[in-house]
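Subject: Handing over the structure

Hi,

Here is the structure I promised to pass on. My notes on what turned up in it follow below.

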Amino acid sequence: MNVLATARRQAARGARMVRTALHAGSGLARRKGGQRSRQAAPIDGGPLLRLSGVVKRYAIGPVETEVLRGVDLDVGAGGLLSIMGESGSGKSTLLNIMGLLDRPTAGSIQVAGRNVSAMSDDELSDTRNQSIGFVFQAFRLLPRLTALENVALPLTYQGIDGVEARERAQGMLRKVAMGNRSDHRPDQLSGGQQQRVAIARALVASPALVLADEPTGALDPNTGREIMQLFRELNESDGIAVVIITHDRAVARQCAENVDLVDGRITAAGGVAPASASPETAEGAGE
Ligand SMILES: Nc1ncnc2c1ncn2[C@@H]1O[C@H](COP(=O)(O)OP(=O)(O)OP(=O)(O)O)[C@@H](O)[C@H]1O
Ligand SMILES: [Mg+2]
């Protein structure tokens, strides 16, 4: 009938296959019985996501490169965290591991207190798909679907009715100022417009955690500010935890926490003054 209906039938037949084809874009969730639920609640106030001693090595022929060398990082429920680091320092590698799209060579990952290494591939993809929205560095929109259909897909896979899915997708497209481009396919959109559609897709299903890889990188300053405002609103009003990889200090400054990825490890951010920093706090320290 239409592409969404076809995608939904495909989801019912083999959701895992479909999601793999989508590179697990944007928190695509298949709810048994079409149930919507709040995902990945933290256990006993612990972090939503905990990385401990995460190592990632890549081997190309005889040459082995250790990109991550023992990353320790917590993302609290409702946190807003920026990660900065030089090009090639491993930020996207780290984000893929945080999003359960890739397994580390060593170290452990816990999601809401559950150890990921103990999960089967099915459990892993269910956890990922029910809890995490991705904004990929290269957008990864499906080329044959319109903007509206791309954004509606995560809802469709949650069993949300086609009309409702379309209305919610259209509403999210309006939020990223793309309401007038909903019938365009990705190749009919500029890079910045595709990025906004990818952001709408990541947010439409209100995941517990959004992982965004340079989400403002292809946007003009004004649109970038609006997108950051949107992330902050969702973070503050809906309690969605947001992790943003960025090269832009102005973006990092808007996040509650800032870290750097240096030499394969997480360090406290250098050069990003926290918004709340004030001379008095330094004076009063040392109790
Ligand atoms: N699949 C892979 N196989 C081999 N090496 C890889 C693979 N993916 C990434 N790398 C290497 O890991 C390092 C980190 O790559 P990554 O994409 O994580 O960097 P980044 O910090 O996101 O950079 P940028 O800011 O340019 O996006 C690079 O040296 C890259 O060559
Ligand atoms: Mg990258």
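Please keep in mind that this is a predicted model. Let me begin at the end of a helix: G239, just after α7, takes a positive phi of about 70 degrees.

**Helix α7**

The helix that stops there covers residues 221–238. Its 18 residues reach 25 Å from the first C-alpha to the last, close to the 26 Å expected at 1.5 Å a residue. Buried in α7 are G224, I227, M228, F231 and L234. Why do they lie on the same side of α7? The reason is that they cover an arc of only 120 degrees around the axis. As a reminder of the geometry behind this, an α-helix has 3.6 residues a turn, so residues three or four places apart point the same way. The face turned away from the buried side of α7 carries N222, Q229, E233, E236 and S237, which are exposed. As for what covers the buried residues of α7, the list includes α6 (191–203), β8 (241–245) and α8 (249–253).

**One residue in α6**

I199 is found in helix α6, and it makes a handy viewpoint. Is I199 buried or exposed? I199 counts as buried, because it has 27 C-beta neighbours inside 10 Å, where the cut-off for buried is 20 or more. Leaving aside neighbours within four places in sequence, I199 is in contact with V135, V176, P215 and I227. I227 is one of the buried residues of α7. I199 and I227 are 28 residues apart along the chain, and their C-alpha atoms are separated by 8.4 Å. Another of those contacts, V135, belongs to strand β6 and is buried as well.

**Helix α5**

How far apart are the end C-alpha atoms of α5? They are 20 Å apart, which agrees with the 20 Å that the 14 residues of this helix (residues 162–175) should span at 1.5 Å a residue. The buried residues here are A165, R166, A169, M172 and L173. They cover an arc of only 130 degrees around the axis, which puts them on the same side of α5. V163 and E164 are exposed, on the face of α5 turned away from its buried side. Just after this helix, A177 takes a positive phi of about 60 degrees.

**Parallel strands**

Strand β3 (residues 80–84) is mostly covered, with five of its five residues buried. L80, S82 and M84 are on one side of β3, while L81 and I83 are on the other, so both faces are covered. β3 runs parallel to β8, with four bridges joining them, and L81 stands opposite V243 in β8. Four bridges also join β3 to β9 (residues 257–262), again in parallel; the bridge partner of L81 in β9 is E257. L81 therefore has a partner in each of these strands, V243 and E257.Strand β6 (residues 132–135) is buried too: I132 and F134 point one way, and G133 and V135 the other. Its parallel partner is β7 (residues 209–213), joined by four bridges, and I132 pairs with L209 there.

**The antiparallel sheet**

There is also an open sheet of four strands, in the order β2-β1-β4-β5, with antiparallel pairing. β2 (63–75) and β5 (114–115) stand at the edges with a single partner strand each, so one side of each is left without a neighbour in the sheet. β1 and β2 are joined by 10 bridges, and Y58 stands opposite T65 in β2.

**Around ligand 1**

Y58 also appears in the surroundings of ligand 1, probably the part you will want to open in your viewer. Which residues are around ligand 1? They are Y58, I60, V67, G85, S87, G88, S89, G90, K91, S92, T93 and Q137. By class, three are nonpolar, eight polar and one charged. β1 (49–60) and α2 (91–98) each supply at least two residues of this shell, and the largest share, three residues, comes from α2.

Best wishes

Notes. Residues numbered from 1 in each chain as written. Chains lettered and ligands numbered in written order. Predicted model: local features only at pLDDT ≥ 70, side-chain atom pairs only at ≥ 80, totals over all residues. Expected span 1.5 Å × (residues − 1). Buried ≥ 20, exposed ≤ 12 C-beta atoms within 10 Å, placed from the backbone. Arc of directions from axis to C-beta. Contact = placed C-beta atoms within 7 Å. Near = placed C-beta within 6 Å. Nonpolar A, V, L, I, M, F, W, Y, C, P; charged D, E, K, R; others polar. Pairing = 2+ DSSP bridges.
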